[in-house]
There are 2 protein chains.
Amino acid sequence: MSFNGIPTLDDVARRAGVSTATVSRCLNLPDRVRPETRARVEAAVAELGYTPHFAGRALASNRTNTIGAVIPTMENAIFALGLQVLQDELSASDVTLLVATSHYDTQREAHQIRALLARGVDGLILIGEARPEDTYRLLQERGIPFVLVWSHRSDCPHRCVGFDNRAAARRMAERVLELGHRRIAMIAGVTAWNDRASERVEGVREALWARGLVLDPPYLVETAYALDASAEAAKRLLALSPRPTAIICGNDVQAAGAIRGTRESGLAAPRDVSVVGFDDIELATVVEPALTTVRVPHRRMGRAAAHLLLRMVGSDDPGESIAFETGIVERASLVPPPDMP
Amino acid sequence: MSFNGIPTLDDVARRAGVSTATVSRCLNLPDRVRPETRARVEAAVAELGYTPHFAGRALASNRTNTIGAVIPTMENAIFALGLQVLQDELSASDVTLLVATSHYDTQREAHQIRALLARGVDGLILIGEARPEDTYRLLQERGIPFVLVWSHRSDCPHRCVGFDNRAAARRMAERVLELGHRRIAMIAGVTAWNDRASERVEGVREALWARGLVLDPPYLVETAYALDASAEAAKRLLALSPRPTAIICGNDVQAAGAIRGTRESGLAAPRDVSVVGFDDIELATVVEPALTTVRVPHRRMGRAAAHLLLRMVGSDDPGESIAFETGIVERASLVPPPDMP
DNA sequence: TTGTACGCGTTATCAG
DNA sequence: CTGATAACGCGTACAA
């Protein structure tokens, strides 16, 4: 027994009366060892309470059974949830998820990726597509497989598992137009280096444009994905003249903020102004009025991403991108515009 | 350059014309090396884009600069947020947070702890105090420091950073009684192996008892910390006769569920029934009516836990527990009981 | 101040 | 099917 009390391969080998090589085989290629000896080894393992030493194993095998993920922040429920799904899926294959956060900053994202690589992750999950070419180059050089989640363009050069943010936003805007809204504002996420945010803006812009309308400041405002920031933005929007009859938001958190903002403006949603969101997180069902929003199959996306990446690691399978469909879930926050005075 | 293109200590040493030992020292004990040579080494490091190999370092130093955390689930915003706080705090000290989830199951928690230990975490953060003695024994044997968050009892034998859940719940119940409520129900979390949940029940029980009231089934119900489950529970509670005039919930998610349940029962909160929560997450401010709830200093708790654990790892400093105070934040969901018919 | 050399726990190659 | 034994990348006594 090694001096610090934690048993090593060697201890097990000695105890079972075999070589360390055999013990190692028992753990990794059980079929390549005679059942008899295997039993002896397994007994020794159990008696000693032996657990393989991660660093030793990683060093020798150049594999960690770990995949890394860099997400913007766990404070957004949609990502926290996504992590949980990923983790559950991966742990079923006995691989560990190592999480880092970028706070929506590509610099920090690059840094975190480097950190994860240094820790020897076998693969990487990243959010969205927009990041400096350097980052992609780094990944390519190291030859480590990665998959992009939450975005999907048919001509994306990387493996991605997501949906068409632009189309989804366009359809939502079309629905808003369909109900008769013409003075439409948008509270968007920060679009710099965030293709989900910018694509959603473009989608709305396209839908309006098709009706001869434009989406521009001051009716288009970018804020952090935070309740308060969005509430403030909504108040500014509602103070505009003419006042918008509908506010399309970059996600559900912003939509919840917008609803609070309208209340704080002395108005009521959806009577005075309709509000729509994006993502369909639980929050959307809990605010008053409940949010009409874009439903994203985030659980299926997470599972698919995990499986794809698992397939790619430790094989030269390049994998293939997967596109998901989104839908609109109609609740109470979107209604036809009020009659004009 | 090692064959796979990723540079090693050796490559840097060769490039700088020094030994690997010197390079290693430059990285770990920069003062123990002459500025001149250090400059050469640092240059070589930069040119090669060298990053220390995690497993190699861990194996040699028997340290990983990693601390592990096992939480129930990231789906509960309060834990996701706590993780973010922990991570931010730890990464400032250049240590990585490795997260595992137990899904509120002590078996799985023990398993995850073992996994984290196998990965060589330098310390551990665990939620709450209730777990099998075996688990504590394992930790003790391995001599790895750990701190318990979210619970604090003055006679807890372990290092903990939290608050008195029972007292907090008692005060909330007292407040409810103060307003005149007498028919009080509770939707609690699952209390098995969850001291936060059970202490909160006990706190409410004590407050009622002091007024000659009892808290028992069917007026006391346990559910998962989930919206739907809690909504269903609320409906059952509101179908009881006599109907409770207040429902005290185990956390804010349950309270939000209870509010939905009362709405689905054709009743309105707080007019027909008051509802109070626990935790004060953002959700509490967003539901209608906004929740009167127990404010928990979770950010400060997270920071304090990180610092305490950091202090404990790699030293024989036993650390000291920290108790935080909670408060009640009054919003709209708690009012005096309706006049009796 | 710097270099040499060994060990950390495991896997993998190659004989037997 | 099993056993020696050489890596794996780094830290650190110890020596110079």
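Here are some short exercises on the structure above, each with a worked solution.

A quick note before you start: this is a predicted model, in which local features need pLDDT of at least 70, side-chain atom pairs count only at pLDDT 80 or more, and totals for chains, interfaces and linings use all residues. Residues are numbered from 1 along each chain as its sequence is written, while chains are lettered from A and ligands numbered from 1 in the order in which they are written.

**Exercise 1. Find how chain A and chain B are related.**

Step 1: Superpose the copies by least squares on the C-alpha atoms of residues with pLDDT of at least 70 in both. Chain A lands on chain B after a rotation of 180° with 0.0 Å of shift along the axis, and the RMSD is 0.0 Å.

Step 2: Interpret that. The two copies are therefore related as by a two-fold rotation axis.

**Exercise 2. Describe the contact between the two chains.**

Step 1: Count residues, taking two as in contact if their C-beta atoms, placed from the backbone, lie within 7 Å. You get 34 residues from chain A and 34 residues from chain B.

Step 2: Look for the main supplier on chain A. Helices (H or I, at least four residues) and strands (E, at least two) are DSSP runs, numbered from the N terminus. The largest share comes from α5(A), with 6 residues.

Step 3: Sort the chain A side by class. Ala, Val, Leu, Ile, Met, Phe, Trp, Tyr, Cys and Pro count as nonpolar, Asp, Glu, Lys and Arg as charged, and the others, Gly among them, as polar. That gives 19 nonpolar, 8 polar and 7 charged residues.

Step 4: Compare the two sides. 100% of the interface residues of chain A are also interface residues in chain B, so the copies meet through the same surface.

**Exercise 3. Work out which parts lie near the DNA strands.**

Step 1: Start with DNA strand D, calling a residue near if its C-beta atom, placed from the backbone, lies within 6 Å of the strand. There are 27 such residues, and the closest are Ala21(A), Leu9(B), His53(B), Gly56(B) and Ala60(B).

Step 2: Pick out the elements. α2 and α4 of both chain A and chain B each supply at least two residues here, and α2(B) gives the most, with 6 residues. By class, this surface has 11 nonpolar, 12 polar and 4 charged residues.

Step 3: Do it again for DNA strand C. Of its 26 surrounding residues, the nearest are Leu9(A), His53(A), Gly56(A), Ala60(A) and Thr37(B). The classes here are 11 nonpolar, 12 polar and 3 charged.

**Exercise 4. Trace the sheet in chain A.**

Step 1: Write down the strand order, remembering that two strands pair if DSSP finds at least two bridges between them. The sheet is open, with 6 strands in the order β2-β1-β3-β4-β5-β11 and parallel pairing.

Step 2: Check the ends. β2 (96-101) and β11 (322-323) of chain A each have a single partner strand, so one side of each has no neighbour in the sheet.

Step 3: Zoom in on one pair. β5 (160-162) of chain A is joined to β11(A) by 2 bridges, and Val161(A) stands opposite Ile322(A).

**Exercise 5. Decide whether Thr96(B) is buried or exposed.**

Step 1: Locate Thr96(B): this residue is in strand β2 of chain B.

Step 2: Apply the cut-offs: buried means 20 or more other C-beta atoms within 10 Å of its own, exposed 12 or fewer, and partly exposed in between, with C-beta atoms placed from the backbone. Thr96(B) has 22 within 10 Å, so the verdict is buried.
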